[in-house]
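Me: Please take a close look at the aromatic pairs in this model. How are the rings arranged, and where do they sit?

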Amino acid sequence: LLCRRCSVRFHPALSSLCRRHHMEWMSLDVADLGYSPDEFPEGGMWQCCGRTSKASEGCAIGAHEAQKVAARAEGAQDGGE
């Protein structure tokens with residue numbers, strides 16, 4: 001299944017942890033704040049942990065939550081993928 005929180009595939013029968021950021025990405029106007037572009041290469045940071053990469057591993061650990069897959073199941077029945 002695909003986790004709706006962290007977008008990682010997981011198997012519900014296995015014990016796996018979901019790592020995600022629990023706060024929003026905050027865009028910064030780096031030049032106006034007087035920071036070097038090297039300090040914030042993607043133009044912002046996660047509010048929860050201060051990491052500066054949008055792709056960084058999350059700082060909060062919890063359980064995966066499955067996305068609804070009804071549309072995919074219907075497509076498979078109709079001969080779609």
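Reply:
**Aromatic pairs**

The structure holds two aromatic pairs, where a pair means that ring centres of Phe, Tyr or Trp (its six-membered ring) lie within 6.5 Å. Planes under 30 degrees apart count as stacked, over 60 as edge-to-face and the rest as tilted. The model is predicted: local features need pLDDT of at least 70, side-chain atom pairs count only at pLDDT 80 or more, and totals for chains, interfaces and linings use all residues. Residues are numbered from 1 along each chain as its sequence is written, and side-chain values use heavy atoms, with hydrogens and water left out.

One pair is formed by W25 and W46: the ring centres are 5.4 Å apart and the planes stand at 80°, so this pair is edge-to-face. It links distant parts of the chain, since W25 belongs to strand 2 (residues 25-27) and W46 to strand 3 (residues 44-46), 21 residues apart. Strands are DSSP runs of E with at least two residues, numbered from the N terminus. Both W25 and W46 are buried, a term for under 20% relative accessible area, with exposed meaning over 50% and partly exposed in between (1.4 Å probe, protein chains only).

Y35 and F40 also form an edge-to-face pair, with 5.0 Å from centre to centre and 70° between the planes. Y35 is partly exposed, at a relative accessible area of 39%, whereas F40 is buried, at 12%.

Note on methods. Helices (H or I, at least four residues) and strands (E, at least two) are DSSP runs, numbered from the N terminus.
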